Amino acid sequence: MTIIKINAITVPDDGGDELARRFAARAGAVDDRPGFEGFELLKPTDDRKTWLVVTRWADDESFQAWLNSPAFGHGHRSEAPKDGEPAARPVGVSSELWSYEIAGGSIG
């Protein structure tokens, strides 16, 4: 059964473009993980400051295997500083991981 993992990231007003850029730079990094079914980065269209990273997995074991993998650690480390520049700051000020399973709906 598909499970949904949502990382709700609170981003300051000036951080959204950087968050999107960092995700674009890692596009496809999780695509070949066993059990991975899909991903969306959702940008708020109202006055909220919470962006949603929505991933779908075949089961919780697949998600946990990715979470504990070197690939996850590599993709979630701070960017290495360029010569003479300070290290990149985290984009989000907080985040929560939400977990869901599909209880109903339609595809259309």
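**Close-up views of a predicted model**

In strand 4, Ile4 has Tyr100 as its bridge partner. The model is a predicted one, and the legends below take its parts in turn.

**View 1. Ile4 and Ile3 in strand 1, with their partners on the neighbouring strands.**
 Ile4 is also bridged to strand 3, where its partner is Arg56. Ile3 stands opposite Trp57, again in strand 3. Strand 1 (residues 3–10) and strand 3 (residues 50–57) run antiparallel and are joined by eight bridges. Eight bridges also join strand 1 to strand 4, and this pairing is antiparallel too. Six of the eight residues of strand 1 are buried, which leaves the strand mostly covered.

**View 2. The open sheet of four strands.**
 The strand order is 2-3-1-4, and the pairing is antiparallel. Strand 2 (36–42) and strand 4 (94–101) form the edges, each pairing on one side only. From one strand to the next, the twist averages 15°. In a regular strand, side chains alternate between the two faces of the sheet.

**View 3. Helix 2 against the sheet.**
 Helix 2 covers residues 60–67 and lies across strand 1, strand 3 and strand 4. The helix runs at about 45° to strand 1. Between strand 3 and helix 2 there is a loop, which contains Ala58.

**View 4. Aromatic rings around Phe36 and Trp57.**
 The count of aromatic pairs comes to five. In one of them, the ring centres of Phe36 and Trp57 are 5.2 Å apart and the planes stand at 70°, so the pair is edge-to-face. Phe36 belongs to strand 2 and Trp57 to strand 3, so this pair ties together parts that are 21 residues apart in sequence. Both Phe36 and Trp57 are buried. Ring pairs link these two residues with Phe63 and Trp66 into a cluster.

**View 5. Arg26 over the ring of Phe23.**
 Arg26 lies over the face of Phe23. The distance from the ring centre is 5.2 Å.

**View 6. Ala58 and its contacts.**
 Ala58 has a relative accessibility of 25% and therefore counts as partly exposed. The C-alpha atoms of Ala58 and Ile3 are 6.3 Å apart, although the two residues are separated by 55 residues along the chain. With neighbours within four places in sequence left aside, Ala58 is in contact with Met1, Thr2, Gly35 and Glu37.

**View 7. The protein chain as the setting for the close-ups.**
 The secondary structure comes to three helices and four strands. Along the sequence these follow the pattern β-α-β-β-α-α-β. Of the 108 residues in the protein chain, 25% are buried. Among contacts between residues at least 6 apart in sequence, 69% join residues at least 24 apart. The accessible surface of the protein chain comes to about 7500 Å², and carbon and sulfur atoms account for 53% of that surface.

Methods: Residues numbered from 1 in each chain as written. Predicted model: local features only at pLDDT ≥ 70, side-chain atom pairs only at ≥ 80, totals over all residues. Heavy atoms only, no water. Pairing = 2+ DSSP bridges. Helix = DSSP H or I, 4+ residues; strand = E, 2+ residues; numbered from the N terminus. Axes fitted to C-alpha atoms, helices over the stretch in contact; angles between N-to-C directions. Contact = heavy atoms within 4.5 Å. Phe/Tyr/Trp six-rings, centres within 6.5 Å; stacked < 30°, edge-to-face > 60°. Buried < 20%, exposed > 50% of the residue type's maximum accessible area, 1.4 Å probe, protein only. Lys NZ or Arg CZ within 6 Å of the ring centre and 35° of its normal. Areas by Shrake-Rupley, 256 points an atom, 1.4 Å probe, with all protein chains shown as cover.
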